[in-house]
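Could you walk me through this protein in the viewer? I would like to know what to select at each stop and what I will find there.

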Amino acid sequence: MPDAEEQPPKRTFQPDFLTELFRNPLDPGYADAAARKQRDGEPTGLRKQLSGSALVVTLVVLGFLLVIAYKQTVKDEPARTTARAELIQQVQNRRETTTELQDRADKLADEVAGLREAELSDDEVQKLRDTEAATGLAAVRGSGATITVGDGPTPIDPVTGERNTVARVKDSDLQLATNALWSLGAEAIAINGQRLTATSTIRQAGEAILVDLRPVTTPYEVVALGPDDLAGDFRSGYAGRFFEQLSAKYGMSFDARTADDVRLDAATELKLRVAQPSTPPPAPSTLTSPGSATSPAEPSRSTSEGGR
């Protein structure tokens with residue numbers, strides 16, 4: 001039997017990291033260096049000279065490298081400045097060329113319109129002008145509403161460095177605004193001067209919004225020609241309430257006001273596409289089961305139709 005007086009060995013616990021850190025705040029290496037310095041004193045003689053010489057050589061080498069880096073930076077700066085200036089000049093030249101070609105295209109379009117109207121009767125010309133105005137191919141003037149929506153603040157996360165873009169206007173916001181204006185009786189709409197037609201697209205491309213492949217920037221001004229109470233109806237409708245909520249929650253800017261005597265330019269580069277069947281449609285199926293009436297087969301439905 002074990003001795004009754006024999007005691008079990010005591011368990012020992014190692015101190016945790018924080019306890020050890022507060023107990024011995026100085027690194028052992030620093031403590032040894034301090035003890036050696038106290039024991040041997042300051043270096044003297046050849047040892048001190050060698051230490052001083054090494055420090056001087058290190059500083060000289062660092063200064064030499066800094067001078068070389070500075071000279072190289074100064075030497076490369078004119079080349080970068082020249083390249084940047086050339087790129088800016090090329091952009092300006094392309095813009096001027098684009099403006100000249102657009103003016104030429106407008107003049108040729110006016111000549112074509114004049115020759116066309118000369119061959120048509122007055123009634124046909126008026127009908128043609130009404131159709132062009134309705135489809136966006138002709139400039140229009142009148143009163144309506146101006147809806148202005150702007151980006152809110154976009155803070156940067158101090159930890160990740162990412163920019164919070166929740167307060168930026170999205171392409172879906174502009175789509176909502178234009179669809180609401182159409183439903184309220186708008187006859188013509190333009191976004192930052194870009195006239196909308198039946199084939200217009202409003203799409204997001206990264207952080208930019210494209211209207212018919214042309215970029216538009218904040219603040220986004222949606223001008224619509226229509227009824228006199230178009231602005232009030234928009235503000236009190238579902239779209240106006242939606243933008244009011246965005247403004248209150250994210251700090252986005254929103255304004256809807258009446259516009260008087262507004263001119264909207266004609267749309268450019270309108271491309272119409274017409275689809276024609278290449279083969280005659282198949283005859284309806286007349287297969288019947290015994291005892292059932294003859295009826296055409298129902299067309300097949302896509303499983304994703306209507307989002308289902």
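This tour goes from a pocket to a sheet and then to the helix beside that sheet. Keep in mind along the way that the model is predicted.

**Stop one: the pocket**

Begin by selecting Asp106, Ala109, Asp110, Leu137 and Ala266. Of the 20 residues that line the largest pocket, these sit closest to its centre. The pocket itself has a volume of about 680 Å³.

Now colour helix α3, which spans residues 46-118. Which element gives the largest share of the lining? Helix α3 does, with nine residues.

Next, try colouring the lining by residue type. You will find nine nonpolar residues, two polar ones and nine charged ones.

**Stop two: the sheet**

Move on to residues 202-205 and 214-216, which are strands β4 and β6. They are the edge strands, so named because each pairs on one side only. Add β5, residues 208-211, and you have an open sheet of three strands in the order β4-β5-β6, with antiparallel pairing. Look along the sheet to see its twist, which averages 40 degrees from one strand to the next.

Zoom in on β5 and β6, whose antiparallel pairing runs over three bridges. For one residue pair to display, pick Leu210 and its bridge partner in β6, Pro215.

**Stop three: the helix on the sheet**

Finally, select residues 171-183, helix α5. This helix packs on the sheet and touches β4 and β5. What angle does the direction of helix α5 make with that of β4? The answer is about 170 degrees.

Definitions and conventions:
Residues are numbered from 1 along each chain as its sequence is written. This is a predicted model: local features need pLDDT of at least 70, side-chain atom pairs count only at pLDDT 80 or more; totals for chains, interfaces and linings use all residues. Side-chain values use heavy atoms; hydrogens and water are left out. On a 1 Å grid over the protein atoms alone, a cavity is a set of points where a 1.4 Å probe fits but cannot get out, and a pocket is an open set with protein on both sides within 12 Å along at least five of seven lines; lining residues have an atom within 4 Å of a point. Grid points are joined across faces, edges and corners, and a volume is the space filled by probe spheres set on the points. Helices (H or I, at least four residues) and strands (E, at least two) are DSSP runs, numbered from the N terminus. Ala, Val, Leu, Ile, Met, Phe, Trp, Tyr, Cys and Pro count as nonpolar, Asp, Glu, Lys and Arg as charged, and the others, Gly among them, as polar. Two strands pair if DSSP finds at least two bridges between them. Axes are lines fitted to C-alpha atoms, for helices over the stretch in contact, and angles run from 0 to 180 degrees between N-to-C directions. Contact means heavy atoms within 4.5 Å.
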